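Grab a pencil and work through a few exercises on the protein shown below. Each one sets a task and then walks you through the solution.

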Amino acid sequence: MWLLELPWALALLATVASSGPSAEPPDPASIFADLSPAELRAVRTFLMERPELGLSPSQGGPLAKNSLFLVELLPPKKRSALRFLERGGARPRREARAVIFFGAQAEPNITELAVGPLPRPSSYRLMGFKGGRAVPFSARPMTRLEYELLHEALVAALAPLEPLLREATGFGFQNCSERCLTFSDIAPRGLGPGERRTWLVIQRFVEGFFLHPAGLEVLLDHRDPDPRRWAVRQLWYNGRYFGSVQELAESHARGTLPLARLPEPPARHPFSSYEPRGRFSSGTPTEVHGAKVCEPQGRRYRLRGNRLEYGGWSLAFRLRSSAGLQLFDVRFGGERVAYELSVQEAIAFYGGHSPAAMQTKYMDAGWAMGASSYELARGVDCPETASFLDAHHLLDADGPVRFRHALCVFELPTGVPLRRHFDSDFQGGFHFYAGLEGRALVLRTTSTVYNYDYIWDFLLYPNGVLESKVHATGYIHATFYTPEGRRYGSRVHSHLLGNVHTHLVHYKVDLDVAGSGNSFETMDIGFENISNPWSAGARVGPGQGWDRDPPGPRVTLPVTCPRYHLAVTRRHENEPSSSSIYTQNNPWDPPVTFESFIHDNETIEDQDLVAWVTVGFLHVPHAEDIPNTATPGNAVGFFLRPFNFFNEDPSVASRAPVIVRPLDPPSCSRLEIRRWTPPSPGPCVHPEPFTYNGTYRQV
């Protein structure tokens, strides 16, 4: 049995892109590999040439057009994959998932296609959601084009407010080349299906502009495909609502508007910057390099394309543009323990007094968190010794875009032994000491979803334990401070409110322990008070024993997937994900409803099961979140642990322990030290200087 441990916290995943062509036969793991740049281009070219689709380039042109939004791997069906992996069956047909925005028709919609076979596609077929649910055009994710049009509409609409903004902030929108204003957009975009009304938080465009709200929030209606029909419906300034731009401008002109004058930001190094300031009281040096990770005898893991091997572990991985990392065919000791582990959704629900704050309910799959995997810095985001891999995405672009060093792999000293024991003789000596150093292999990526940065890790331990962990960092989502806002957060700077919010992350864990036919069981500790069998009349208690519950999920909260700590369902091909990229902009009637997964009254005994896991934490921002939220105390996750699956701890296969035995007890003056590794690890220096690129370009 394998145990799924669920501390109430956030969890995470890592990701990567497939390697280029190889002269060797492809690894079986390549059936799960992300599409190569050549495959992405081939799919796009094939679809652009279909006259019945009438596709236009993604960039430029009107919103009311047919365009290709997303291309990514469509994983093979599980039955076909297992037939190939286990029984030497035919290699599954390789296909792509393509998302098309059909905006140039009387009833615009979003359609998903399966395109194949790859690498030379020749056909496509329609893909549907469970229950045949359609995706309305208003549910589409935002695009670069729509943001450009949104900015143009906002600048034009707010022209009458330029005197107010210049007087209050020293910054503006009109004819701006420096000292400019910008905005952050809030979602969901409305209060019901079909709406596309977005609250925009106006901010001063300085380094770390997320922490520089100007006190103005604007509700802009951009549902119509024609931007000429877009309009500002409402405004909020310094705690007051206004029905129009003109009403706010006239209030300012009459001198009846309480103006929120912001202090002039420093020309360099604002409080939102990373520039060092101040000194530690101890005076210990920080200008020199600290401790580093090294591999004195080389790497102890193997990375081949999208196949990763380490100790007893073997797995395939990919990075979905839509939702992030997926692990497939996870094995320990050659035996599969999970078919799939993948992140499904990351949610942040906020509270606040301003309209933008109270409306904020971010669902990050709708912001393509998998394609937000920007460059990892060697020596900061990952150790200098790490292996770095690129990712390629075709999302809201007219060709594949390379994301350099989007993922890294490295072996990490945990700083605590995996196992150890000092066997005292209670006479000042010992019988033996033995210990096994703590090591884990880390698969890491990040998602920078606008202001927040999520660091996603999978950790593989030599004793058969797999840990999924996420760290939250980056800038808090903050709003303009008003006294009424204190109910919903902390005043973290002079004009800044850090709004309270809850982070929730949802995972799919398709365990295949000793085959696909599994059952689900919970265990609780029960206390008992019994007669003492070796002393008449005495009682033994309270004792402990197992209370075994019958198979079944423990469901505590109603509605959608993140409201359940753990839900267990039968696996179905038409339930590949618990959320979608459309939920953010249509949470009222989403095409994927997790409730339908768990309310179908199916048996889950001796079936192919999926555990849907939610982890998260409450974040009450504080002054120490300036400039950024720090990772200590903001990391959470879950473990997969073997439970009576092996005869003993499988890490006994490691050749890294140290055993010390005295040869002359009890004096212990002569010792036998047994090691299976070299006596000295040797030098531990990485000679290359720090470098960074940071670009992500179309290829």
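**Exercise 1: the disulfides**

Find out how many disulfides the structure holds, and which cysteines form them.

Step 1. There are 2 disulfides in this predicted model, a disulfide being a pair of cysteine sulfur atoms within 2.5 Å. Residue numbers start from 1 along each chain as its sequence is written; local features need pLDDT of at least 70, side-chain atom pairs count only at pLDDT 80 or more, totals for chains, interfaces and linings use all residues, and side-chain values use heavy atoms, with hydrogens and water left out.

Step 2. One disulfide is between Cys 176 and Cys 180, with sulfur atoms 1.6 Å apart. The torsion about this S-S bond is about -120°, so the disulfide is left-handed.

Step 3. Now check how accessible these two are. Buried means under 20% relative accessible area, exposed over 50%, and partly exposed in between (1.4 Å probe, protein chains only). Cys 176, at 28%, is partly exposed, while Cys 180, at 16%, is buried.

Step 4. Cys 382 is joined to Cys 408, S to S 2.1 Å. Here the torsion is about -80°, so this disulfide is left-handed. Cys 382 sits in the loop between strand E17 (361–363) and E18, and Cys 408 in strand E19 (residues 401–413), so the pair ties together parts 26 residues apart in sequence. Helices (H or I, at least four residues) and strands (E, at least two) are DSSP runs, numbered from the N terminus.

Step 5. Cys 382 has 2% relative accessibility and counts as buried; Cys 408, at 0%, counts as buried too.

**Exercise 2: one helix and its buried side**

Work out which residues of H1 are buried, and what they pack against.

Step 1. Helix H1 covers residues 37–48, which is 12 residues. From first C-alpha to last it reaches 16 Å, close to the 16 Å expected at 1.5 Å a residue (the expected span is 1.5 Å times one less than the number of residues).

Step 2. The buried ones are Glu 39, Leu 40, Val 43, Arg 44, Phe 46 and Leu 47. They're on the same side of H1, because they cover an arc of only 165° around the axis; that arc is taken from the directions from the helix axis to the C-beta atoms.

Step 3. Want a rule behind this? An α-helix has 3.6 residues a turn, so residues three or four places apart point the same way.

Step 4. The buried residues of H1 pack against strands E2 (66–74), E3 (95–102), E4, E5 and E18 (387–395).

**Exercise 3: a strand with two partners**

Trace how E15 pairs with E14 and with E16.

Step 1. Start with E15 itself, residues 324–332: 8 of its 9 residues are buried, so the strand is largely enclosed by the rest of the structure.

Step 2. Strand E14 (residues 313–320) pairs with E15 in the antiparallel sense over 7 bridges; pairing takes at least two bridges found by DSSP. Ser 314 has Arg 331 in E15 as its bridge partner, and the hairpin of E14 and E15 has 3 residues between the strands.

Step 3. On to strand E16 (residues 335–350), which pairs with E15 in the antiparallel sense over 6 bridges. Phe 332 is the bridge partner of Glu 335. This hairpin has 2 residues between its strands, and Gly 333 in the turn has a positive phi of about 65°.

Conventions. Contact = heavy atoms within 4.5 Å.
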